[in-house]
Amino acid sequence: MTDFTRLLPSALFFLCLLLLGFYLKKQDAQKRQSNFSKEYFIGGRSLNGFVLAMTLVATYGSVSSFVGGPGVAWQKGFAWVLFASVQIIAAYLILGIFGKKMAVIARKIDAITIIDLIRFRYKSNILANLCALVLLVFFTTQMIAQFIGGAQIFAAVTGMSYTTGLLFFAIVVIIYTTIGGFRTVAITDTVCAIMMLLGMFFLAFAILQQGGGLQNIMHSLQAVSHVPNNIDLLSPTASGSVPIPLLMSQWILCGIGTIALPQSAVRCISYKDTQSVHRAMIIGTIVCGAMMVGMPLLGVLARGVITVPLAQLGGNTDKIMPMLIANYMNPWLAGITIIGPLAATMSTISSLLIAGSSAIVKDIYLFYNKNANNVENQKTLSYISTTITALMGIITVIMALHPPDIIVWINLFAFGGLETAFFWILLLGFFWHRANSHGAVLSLVGGLAAYCLCTAYGLKISSFHNIVIGIGSGAVFFIIGSIWGKAPDEKIKRIFFPERY
């Protein structure tokens with residue numbers, strides 16, 4: 001039965017996002033008439049430092065940050081907090097490594113998407129089309145995970161059915177993303193990031209209150225850890241269930257590898273000036289650190305509140321945080337708190353939707369139909385872009401109607417796939433003058449094949465995450481292909497490496 005007390009705060013939040021989307025669309029209407037693609041897909045390169053930081057953090061943070069990750073932390077203990085802590089540096093790395101150089105080059109060649117940059121750098125339509133295909137496949141996988149997680153927590157807290165909860169918030173995020181474009185996504189992401197922090201604060205208050213204070217909770221954790229055959233929640237390896245090699249590979253998967261996530265990297269070409277990117281690096285690191293360490297920490301502390309064995313919860317750690325909010329919080333406070341995970345879900349989905357739409361419209365349709373971007377065709381382009389964005393959202397929702405368990409692993413698989421595909425293409429493309437299309441194509445195909453096959457067949461090197469295999473094999477293929485293939489032409493070298501040529 002639906003609990004309207006818990007539903008009302010979320011409904012008001014959804015209404016605010018819709019109104020904001022329509023308002024920003026109206027505000028941008030004049031700009032879109034002259035260059036729809038630039039306004040719709042990168043917001044006219046106008047983001048300030050605060051919005052840039054918050055949209056980057058909100059895009060990177062997802063439902064697994066609020067549901068899947070804390071649920072695993074409840075089971076594994078402080079080892080999972082250590083596992084998640086590498087994410088603190090994500091915003092700093094993305095903006096610090098690519099922020100300035102990518103923005104300068106994008107303005108020189110008038111690039112609107114990451115694939116625009118890749119196509120220009122490598123002069124390869126095959127590579128660009130493969131990148132667009134890979135991007136769409138893994139974006140879809142990530143969006144399915146986000147829709148599933150958001151619907152599960154929404155249904156658990158409000159009493160709605162899973163399907164009703166899914167449709168309720170999916171319609172909202174699809175509408176405001178479709179009508180508003182990138183700038184609306186960035187500003188609503190900022191609102192969502194603020195609500196994520198607020199939700200985390202209320203959740204912390206409830207856990208400490210229900211658990212009888214921090215000291216009492218820690219005693220409970222210690223008692224559970226000393227029960228024979230239980231995981232030691234205070235151990236840095238969770239009694240060996242989070243092995244050292246896995247912790248080390250996390251520095252690639254959620255550390256340095258994050259610079260290659262296209263939905264995050266595109267933010268590097270959307271800000272307005274150098275001061276904005278410097279400010280965003282500081283704000284983004286602080287906020288990202290608070291959320292990516294704070295939520296797993298709350299998941300561990302929740303073990304002092306939810307003390308039943310995991311088997312009684314169906315063996316699914318994704319149920320921990322929804323159960324905590326639904327059963328251990330004041331209804332009004334619970335209604336406000338679930339806005340946090342819903343905001344995390346919606347901000348990630350909206351960013352993936354707009355980036356996926358740009359891959360289809362800008363990187364494929366407009367590339368092969370250049371006249372479609374003429375001034376007189378902007379209305380038609382607007383219709384096509386919004387239709388594609390809406391269709392992507394609808395198709396993903398349909399695929400999310402029958403959810404699998406363990407959202408965090410679905411999300412990490414998609415993370416690893418995108419990083420394997422784009423890591424060397426972006427990093428070496430921007431910082432190695434010898435990188436060429438042969439190396440890039442071999443790295444993409446070979447690295448991704450190794451990653452997916454090893455994941456599918458359970459093949460591993462010790463306890464390392466398969467991102468090590470994916471990125472490692474990708475590096476070998478890239479170097480071999482670049483040595484074998486032809487060096488880039490002088491024009492490319494002058495634009496990408498002006499200090500050398």
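**Helix α6, salt bridges and positive phi values**

Immediately after helix α6, Asp 110 adopts a positive phi of about 60 degrees. The structure is a predicted model, in which local features need pLDDT of at least 70 and side-chain atom pairs count only at pLDDT 80 or more, whereas totals for chains, interfaces and linings use all residues. Residues are numbered from 1 along each chain as its sequence is written, and side-chain values use heavy atoms, with hydrogens and water left out. Helices and strands are DSSP runs numbered from the N terminus, with at least four residues of type H or I for a helix and at least two of type E for a strand.

Helix α6 itself covers residues 90-109 and, with 20 residues, reaches 27 Å from its first C-alpha to its last, which is close to the 28 Å expected at 1.5 Å a residue (the expected span being 1.5 Å times one less than the number of residues). The helix nevertheless contains a kink of about 50 degrees, centred on Gly 99, where the bend at a residue is the angle between axes fitted to the seven residues ending there and the seven starting there. Gly 99 is also among the buried residues of α6, which include Leu 93, Ile 94, Leu 95, Phe 98, Lys 101 and Met 102. Here, buried denotes under 20% relative accessible area, exposed over 50%, and partly exposed the range in between, computed with a 1.4 Å probe and protein chains only.

The Asp 110 side chain meets that of Arg 45 in a salt bridge, with an N to O distance of 3.5 Å; a salt bridge is defined as a side-chain nitrogen of Lys or Arg within 4 Å of a carboxyl oxygen of Asp or Glu. Because Arg 45 lies in the loop between α2 (36-42) and α3 (49-60), and Asp 110 in the loop between α6 and α7 (114-122), the pair ties together parts that are 65 residues apart in sequence. Arg 45 is buried at a relative accessible area of 10%, whereas Asp 110, at 40%, is partly exposed.

The salt bridges number four under this rule. One of them joins Asp 116 to Lys 362, with the closest N and O atoms 3.0 Å apart. Asp 116 belongs to helix α7 and Lys 362 to helix α16 (residues 339-368), so this pair ties together parts that are 246 residues apart in sequence. Asp 116 is buried at 13% relative accessibility, and Lys 362 is buried at 14%. Another salt bridge is formed by Glu 490 and Lys 493, whose closest N and O atoms are 3.9 Å apart; these two residues both lie in helix α21, three residues apart, or about one turn of the helix. An α-helix has 3.6 residues a turn, so residues three or four places apart point the same way. Within this pair, Glu 490 is partly exposed at 42%, while Lys 493 is buried at 11%.

Positive phi values also occur in Ala 238 and Ser 462, both residues other than glycine, at near 50 degrees for Ala 238 and near 55 degrees for Ser 462. Ala 238 is located in the loop between α10 (214-225) and α11 (244-253) and counts as buried, with 0% relative accessibility. Ser 462 is located in the loop between α19 (437-457) and α20 and, at 55% relative accessibility, counts as exposed. The loop between α20 (467-484) and α21 (490-496) contains Ala 487, which is partly exposed at 32%. The C-alpha atom of Ala 487 is separated by 41 Å from that of Thr 184, a residue 303 positions away along the chain.

With respect to the surface, Leu 391, Ile 394, Ile 395, Ile 398, Met 399 and Leu 401 make a nonpolar patch of about 530 Å². Patches comprise residues with over 30% relative accessible area and no salt bridge, like charges being joined within 9 Å and nonpolar side chains (Val, Leu, Ile, Met, Phe, Trp, Tyr) within 5 Å; areas come from the Shrake-Rupley method with a 1.4 Å probe, and for residues only the protein chains shown count as cover. Met 399, which is found in helix α17 (residues 378-399), is partly exposed at 45%.

Overall, the protein has 21 helices and zero strands, and its C-alpha trace spans about 65 × 50 × 40 Å along the principal axes. The radius of gyration is 22 Å, in agreement with the value near 23 Å for a compact globule of 501 residues (taken over C-alpha atoms, the globule rule being 2.2 Å times the number of residues to the power 0.38). Of these 501 residues, 60% count as buried.
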